[in-house]
Amino acid sequence: MRCLTAQAGSVPGLCPSGNTRSRGQPPHGTQTYRRRGRGRTIRLRYGNTNTYLIRGNRGDLLVDTDYAGTLPAFYKAIKPHGIRVRDIAYVLATHYHPDHMGLIPELMHQGVKLLLMETQRDSVHFSDPIFARDRLPFAPIDETAAAVIRCADSRGFLESLGIEGEILSTPSHSPDSVSLILDCGDCIVGDMEPIEYLDACPGACPLRDDWERILRRRPKRILYAHVNERVMENEGR
Ligand SMILES: [Zn+2]
């Protein structure tokens with residue numbers, strides 16, 4: 001994946017749309033974090049979760065989906081970007097809470113492969129009883145069809161899609177939580193507690209361990225699932 005952080009739409013201190021970075025949570029819709037074309041992170045919001053599509057030179061990677069039952073809204077969200085489901089090579093869940101993976105079985109049924117981290121194997125069915133209770137359309141994931149990799153091997157795997165970056169285990173939110181950090185500086189952290197929460201957690205704690213692991217990679221922008229994005233300035237550099 002090409003790194004395009006110096007391109008239009010990445011003016012320091014401004015979000016790509018030109019608004020100040022302290023703006024409020026955008027309404028449902030989509031937002032492109034990079035210029036048009038390959039090598040961009042696209043935010044897809046069609047429910048209550050910010051989900052992201054990374055366009056790779058050899059295949060796209062979808063990071064998270066919203067709740068079960070949101071497939072029509074997902075189709076509507078990808079359309080303005082010219083994204084076709086058949087271009088999505090893999091889907092990765094930052095973790096298996098229901099608002100991060102509800103469309104995975106339907107996408108797999110359409111040919112999207114599941115990228116499952118080894119640390120997530122025991123959590124794949126965490127949300128099955130929740131969707132059953134809510135009587136939502138959801139067939140449990142068939143993990144035997146997934147590509148299972150270790151975080152240590154994630155860089156090579158992503159490279160095969162034409163994406164430069166790595167996947168880190170960041171278990172402070174849940175044991176199966178992972179974060180994706182791209183070499184261009186975008187870092188998708190799912191439900192990890194915002195970095196500001198460290199002020200309330202002096203000394204050693206799992207959240208600090210996760211953030212230290214991420215900050216060592218010098219992220220430029222933190223993309224949360226439910227909180228406004230955070231543009232990094234000098235933290236960890
Ligand atoms: Zn969660």
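Let's start with one residue in this predicted model: leaving aside residues up to four places away in sequence, Y52 touches T41, I42, R43, L44, V63, D64, I188 and L223. Y52 also has a place in the largest nonpolar core, where it is among the residues that touch the most other members. From here we can look at the chain as a whole, and then at a few of its parts.

**The chain overall**
- The chain has 237 residues, and 41% of them count as buried.
- Five helices and twelve strands make up its secondary structure.
- Take the contacts in the chain with a separation of 6 or more: 60% of them come from residues 24 or more positions apart.

**The nonpolar core**
- The largest nonpolar core holds 49 residues.
- Which of them touch the most other members? They are Y52, L61, V63, V91, L92 and I104.
- Strand β5, residues 88-92, gives this core its largest share, with five residues.

**Strands β2 and β3**
- Strand β2 covers residues 41-45, and four of its five residues are buried.
- Its partner here is strand β3, residues 50-54; the two run antiparallel and are joined by five bridges.
- One of the bridge pairs to find in the structure is R45 of β2 with N50 of β3.
- How many residues does the hairpin use to join β2 to β3? The hairpin goes through four residues.

**Helix α5**
- Helix α5 spans residues 206-215, and its buried residues are D210, W211 and I214.
- These buried residues cover an arc of only 95 degrees around the axis, so they sit on the same side of α5.
- What covers the buried residues of α5? The cover includes three strands: β8 (165-169), β9 (178-182) and β10 (186-190).

**A closer look at V148**
- You can find V148 in strand β7, which runs over residues 147-149.
- Is V148 buried or partly exposed? V148 has 13 other C-beta atoms within 10 Å; a buried residue would need 20 or more, and an exposed one would have 12 or fewer, so V148 counts as partly exposed.
- V148 and M117 are 31 residues apart in sequence, yet their C-alpha atoms are 5.5 Å apart in space.
- Not counting residues up to four places away in sequence, V148 touches L116, E118 and R121.

Note on methods
Residues numbered from 1 in each chain as written. Predicted model: local features only at pLDDT ≥ 70, side-chain atom pairs only at ≥ 80, totals over all residues. Arc of directions from axis to C-beta. Contact = placed C-beta atoms within 7 Å. Pairing = 2+ DSSP bridges. Core = buried A, V, L, I, M, F, W, Y, C linked by C-beta atoms within 7 Å.
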